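Colleague: I have a model open and would like to learn how to read it. Please take me through its features one by one.

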Amino acid sequence: MPSRHKSVYSYRTKLGLITPPTNTVNEAEWQRMMPEGVTFHTHRMALHPDTTSVEGKAHLMRDLEAVFGMLKQARVDAIAYACTAGSMINPVESLPEHLTHTTGVTAVTTSAAIIGALNALSCRRLSVVTPYHDQLNHHETGFLEENGFQVAKLIGLGIGAGGPSEYVRIAETPLERIETLVAECFVPGSDAILITCTDFPTLPLIARLEARYGVPVVTSNQATFWAMLRASGIDDRFPNFGRLLAAH
């Protein structure tokens, strides 16, 4: 249990959030879910496309430790690195454990939160929707499989194939397009629908998709929010944001 640094609006807990520079969805969805007495405070950090080489990992770690140092001054109880693709490093707990150890603040990453959420829901066979291009989709498939999941089908929108300048388009994806993508992707017999990317607008769809397909829906922002609350000792349940937050 982290120490509490209470203030007028953060009398239950105070959270830190790190997003990529173009992300405008994560904060909007968290704001809609945030319970009374809990606040979150945001910092942006450059994207790190190379998370596999020694140099790439070292660069990522330097930037993360610097941003953690900034958010730590706000006396937050936990900090989330809310970049799905950028935190897909195995072993999945290695990055949050390292950050917790080196910065002295409880760390959560979106990729570890997703794995934790799927395990909590006892889901193994996944239908996966992303906004990503083929290279990132291949990386995500490998990451999920290395963590014991079966990707029954994955469909991405291809955003980013022309370079990082395209990433601003992710937040502009209409909800109807995402709903159609799920319909194209869903494989009967899947244990869950996984929709990834913290800049992908999905919150209003979760309950409707769960009702339609009869399986849990896990999203990047929902899973990270869940993991952050639980890491901070907040055990509130929410009826409108999917089975994960309703029952775990």
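Modeller: We will go through the sheets, then the helix packing, then some single residues.

Colleague: What should I know about the source before I start?

Modeller: This is a predicted model, where local features need pLDDT of at least 70, side-chain atom pairs count only at pLDDT 80 or more, and totals for chains, interfaces and linings use all residues. Residues are numbered from 1 along each chain as its sequence is written, and side-chain values use heavy atoms, with hydrogens and water left out.

Colleague: How do I read the labels and the strand pairing?

Modeller: Helices (H or I, at least four residues) and strands (E, at least two) are DSSP runs, numbered from the N terminus. Two strands pair if DSSP finds at least two bridges between them. Here, one open sheet has four strands in the order E2-E1-E3-E4, with parallel pairing. Strand E2 (38-44) and strand E4 (106-109) stand at its edges. Each has a single partner strand, so one side of each lacks a neighbour in the sheet.

Colleague: Over how many bridges do E1 and E2 pair?

Modeller: Strand E1 (residues 13-19) and E2 pair over seven bridges, in the parallel sense. Find Leu 17: it stands opposite Thr 42 in E2.

Colleague: Which helices lie on this sheet?

Modeller: First the terms. Contact means heavy atoms within 4.5 Å. Axes are lines fitted to C-alpha atoms, for helices over the stretch in contact, and angles run from 0 to 180 degrees between N-to-C directions. Helix H3 (residues 94-103) lies across strand E3 (78-81) and E4, at about 155 degrees to E4. H8 also packs on the sheet and touches E1, E2, E3 and E4. The direction of H8 makes about 165 degrees with that of E4.

Colleague: What is the strand order in the other sheet?

Modeller: Four strands form an open sheet in the order E6-E5-E7-E8, and the pairing is parallel. Its edge strands are E6 (150-156) and E8 (217-219), each pairing on one side only. Neighbouring strands of this sheet are turned by 20 degrees against each other on average, direction ignored. Strand E5 (residues 125-130) and E7 pair over four bridges. H8 lies across E7 and E8, at about 80 degrees to E8.

Colleague: Now the helices. How do I describe a packed pair?

Modeller: Two packed helices are described by the angle between their axes and the distance between the axes. Angles under 35 degrees count as roughly parallel, over 145 as roughly antiparallel, 65 to 115 as roughly perpendicular and the rest as oblique. Helix H4 (residues 110-120) and H8 pack at about 85 degrees, with axes 8 Å apart. H4 and H8 are therefore roughly perpendicular. Residues in the contact include Ala 113 and Ala 117 of H4, and Ala 223 and Trp 226 of H8.

Colleague: How do the residues of that contact divide by class?

Modeller: Ala, Val, Leu, Ile, Met, Phe, Trp, Tyr, Cys and Pro count as nonpolar, Asp, Glu, Lys and Arg as charged, and the others, Gly among them, as polar. The contact of H4 with H8 has seven nonpolar, four polar and no charged residues.

Colleague: At what angle do H1 and H8 pack?

Modeller: Helix H1 (residues 26-33) and helix H8 (residues 220-231) pack at about 55 degrees, with their axes 10 Å apart. H1 and H8 are therefore oblique. In H1 the contact uses Asn 26, Glu 29, Trp 30 and Met 33. On the H8 side, Phe 225 and Met 228 are among the residues involved. The classes here are four nonpolar, four polar and one charged.

Colleague: Is Ile 193 buried or exposed?

Modeller: Buried means under 20% relative accessible area, exposed over 50%, partly exposed in between (1.4 Å probe, protein chains only). Ile 193, in strand E7 (residues 192-195), is buried at 1% relative accessibility. Beyond residues up to four places away in sequence, Ile 193 touches Val 182, Phe 186 and Tyr 213, among others. Thr 219 in strand E8 is buried too, at 2%.

Colleague: Which backbone details should I check?

Modeller: A cis peptide bond joins Asn 90 and Pro 91, with omega about -5 degrees. Pro 91 lies in the loop between E3 and H3. Cys 197 is not a glycine, yet its phi is positive, near 110 degrees. Cys 197 sits in the loop between E7 and helix H7 (206-213) and is buried, with a relative accessible area of 9%.
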